[in-house]
Structure formats: C-alpha cells, structure tokens
Amino acid sequence: MTAHPSSTAVATQRNQPMRAFPTVPRLLAVAVHGSLFATMCTPAFAAQVVADGTTITLPPGTYANDSGFGPDASVLRALRGGTLTTDMGTAVNAFNYGVNAAWAEGAGSRITLGAGVLDVRGDYSAGLVASDGGTIEADRVVIDKRGFGQGISVEGAGSQARLSTGVITTHADDSDGVLAMSGGTAEVVDSRITTHGRGSNGVNANRGDPSVRLDNVEVVTTGDVATGVWSLSDGDVRIQGGALSTSGNRSPGADFRGGTAALEGTRISTGGLGSHALVAQREAGTPAQVAGAGLQIETRGTAAARVTPYALEATR
C-alpha cells in the first residue's frame, strides 16, 4: 500500500536538519475578489466529488465534504485516470482531519482548477495534492491552509503540481507552502507563498530527488527555523526572478544540501539571528551544486552571512 503524500510528508519533514521584490499582479487581486464574489452568489454542494476513471466538469459553486475524514474523503478527487475540471468562481472547503481540498492520484488522473479559493483547516491535509503520477493544475487560485499540512504536496515519479498567478498561505508550525518529494515535480509561476509557523519552509524539496521550478515567485516566511527554499536530496531546483524573504531566527533565504540548484535575478533578504542568505552544503552523498547569477542579497540579522563559504565557491 502506498502512503498518502500528506502522511508521508509528516514522517519525512522532520528528518530535515532542518528581479526585485515582486508583487502579486493586479490581475490576481482582481481575479481573487471576483472569485470570492462569484462563490457567494453560487450554490453550495455538500458532497464529495470523485472522478473515478470518468470525466467531470463542475459548475461554479462551493464544494465541501462535511462528513468524511482522511485523504479518501478529499473534497475533489481524481483517480484511475479520471479527469475533474472546475470553472471560475469555485470555492472548496476542507475542514476535517486529513481531508485535502483536491487530490489527483495515479497515472493519467488530472484535476484542473479555475479561479477560486481553497480553505483547508484540518491537520495532516493539503490544498493541492498530486501523487503516484497524478497531475493537478491551478490558475488564479488562493490556498489558505490552517492546521498542520501543506499548501501544495506532490509525491511520486511522474506526479506534477502547477500553480500560476496564485497565493499560498500556511499558518501552522511545520507547514510548508510547497512540499515536493520522491520524484515529484512542483512548478509555481507569478505567485506568492507565505508561511507563518515555526519550521514552515516556503518551499521544501525533500527526499527522493524531486524537481522544483519557481518563476517570478515571492516567498515569505515569518517563523523561526523557516527557510525560504530548502532542498535536501539530489533533486533539482530552478528559481527565475522573484524574491526570497525570511524574518525569523535561523531561517536562511535558500539552503541547498544536495542536488543541483540555479538562481537567476532573484532577491534574497533575511532579518533574523543566524539567518544566512544563501547556504550550500552536503547533507548526504555529493555536495549541492549551486549556480547563481544577478542575485541581490541582503542580511540584517546578527551572525548572518550573505553567502556561506561553500555557496560562494559554488556560485562563482
């Protein structure tokens, strides 16, 4: 039996040793307000929606699963090659323990979300989940995550999650904005990721060689021990433009402990004690290989280096 990505993430996360600042485009703000207004004017659907090898297109509305618990009760779910598509003005409420807002599971399974809001409150859950080869795409979607879990979780070879012109906010401790692991691929474009809890990384490229792409993304963390972008294994991280900003203690802007990483035209700013801007080191296996170009780096905290010695060599 394959563990659900959220439960796997819980076990794995704690194994970790732990262009100018962009603003979310005006288009996003308009889309967000528009989708909120639209969801208030459309019907509510209390039942879970499952595309089990079928194709479903949902009308605008508010979707929730008020009675279920655990990942199998995820509000929107696609499995066994099923396809599920939502229209603009969709809200998803996932308030119970372990219930994800949307989960695409298995090769060929796909969920596509138009402009809307995902309100996720239960522990051990996420806003968007792609696992075991599933694909999930969201455009102009706001993810608000309260309780332990992630904004986006992607796990397993062939699994893909993509967010464009969106917003992710997590509020609990140890709750990453984006978690990618075990060969999964996460891509975020023209978006903002904010975490407020202790140990809540903006982006966590964890074990199993995942791939992460950030293009014009603003990542902000406010808690202690909350890295902007954190990478553990021999995966690959690519950051184009955007900004990484941390304000907590021992919260590096970017910390690469293996694999490869490339940053171009990115601004990195840290404000806390011991919060280095750019870190590259070896956690296991070969040291991280980091390439950087056109970076703007600022550190304001005590005992915080702009670039650690190994990262300085790696980025030359």
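Visitor: Which residue is the bridge partner of Ser153 in strand 17?

Guide: That's Leu179. Keep in mind that we're looking at a predicted model.

Visitor: What makes strand 14 and strand 17 a pair?

Guide: Pairing takes at least two bridges between two strands. Strand 14 and strand 17 (residues 178-181) are joined by four bridges, so they count as paired. They run parallel.

Visitor: What order do the strands of the open sheet have?

Guide: Ten strands line up as 2-5-8-11-14-17-20-23-26-29, with parallel pairing. On average, neighbours in this sheet are turned by 10° against each other, direction ignored.

Visitor: Why are strand 2 and strand 29 called edge strands?

Guide: Strand 2 (49-52) and strand 29 (278-280) each pair on one side only.

Visitor: On to the aromatics. Why is the pair of Tyr97 and Tyr124 called tilted?

Guide: There are two aromatic pairs by the rule used here. For Tyr97 and Tyr124, the ring centres are 5.6 Å apart and the planes stand at 45°. Centres within 6.5 Å make a pair, and planes neither under 30 degrees nor over 60 are left as tilted, so this pair gets that name. Tyr97 sits in the loop between strand 7 (90-94) and strand 8 (102-105), and Tyr124 in the loop between strand 10 (116-120) and strand 11 (125-131), 27 residues apart.

Visitor: And why is the pair of Tyr124 and Phe148 edge-to-face?

Guide: Their centres lie 5.1 Å apart with the planes at 65°. An angle over 60 counts as edge-to-face, so the label fits. Phe148 lies in the loop between strand 13 (141-145) and strand 14 (149-155), so this pair ties together parts 24 residues apart in sequence. Tyr97, Tyr124 and Phe148 form one aromatic cluster.

Visitor: Is Phe148 buried or exposed, and why?

Guide: Buried: its relative accessible area is 15%, and the cut-off is under 20%.

Visitor: What makes Tyr97 partly exposed?

Guide: Tyr97 comes to 49% relative accessibility, and exposed would need over 50%. Tyr124, with 35%, is partly exposed too.

Visitor: Where does the charged end of Arg121 sit?

Guide: Over the ring of Phe95, 4.1 Å from its centre. The distance limit for a charge over a ring is within 6 Å, so that part of the test is met.

Terms used:
Residues are numbered from 1 along each chain as its sequence is written. This is a predicted model: local features need pLDDT of at least 70, side-chain atom pairs count only at pLDDT 80 or more; totals for chains, interfaces and linings use all residues. Side-chain values use heavy atoms; hydrogens and water are left out. Rings of Phe, Tyr and Trp (its six-membered ring) pair if their centres lie within 6.5 Å; planes under 30 degrees apart count as stacked, over 60 as edge-to-face and the rest as tilted. Helices (H or I, at least four residues) and strands (E, at least two) are DSSP runs, numbered from the N terminus. Buried means under 20% relative accessible area, exposed over 50%, partly exposed in between (1.4 Å probe, protein chains only). A charge sits over a ring if NZ of Lys or CZ of Arg is within 6 Å of the ring centre and within 35 degrees of the ring normal. Axes are lines fitted to C-alpha atoms, for helices over the stretch in contact, and angles run from 0 to 180 degrees between N-to-C directions.
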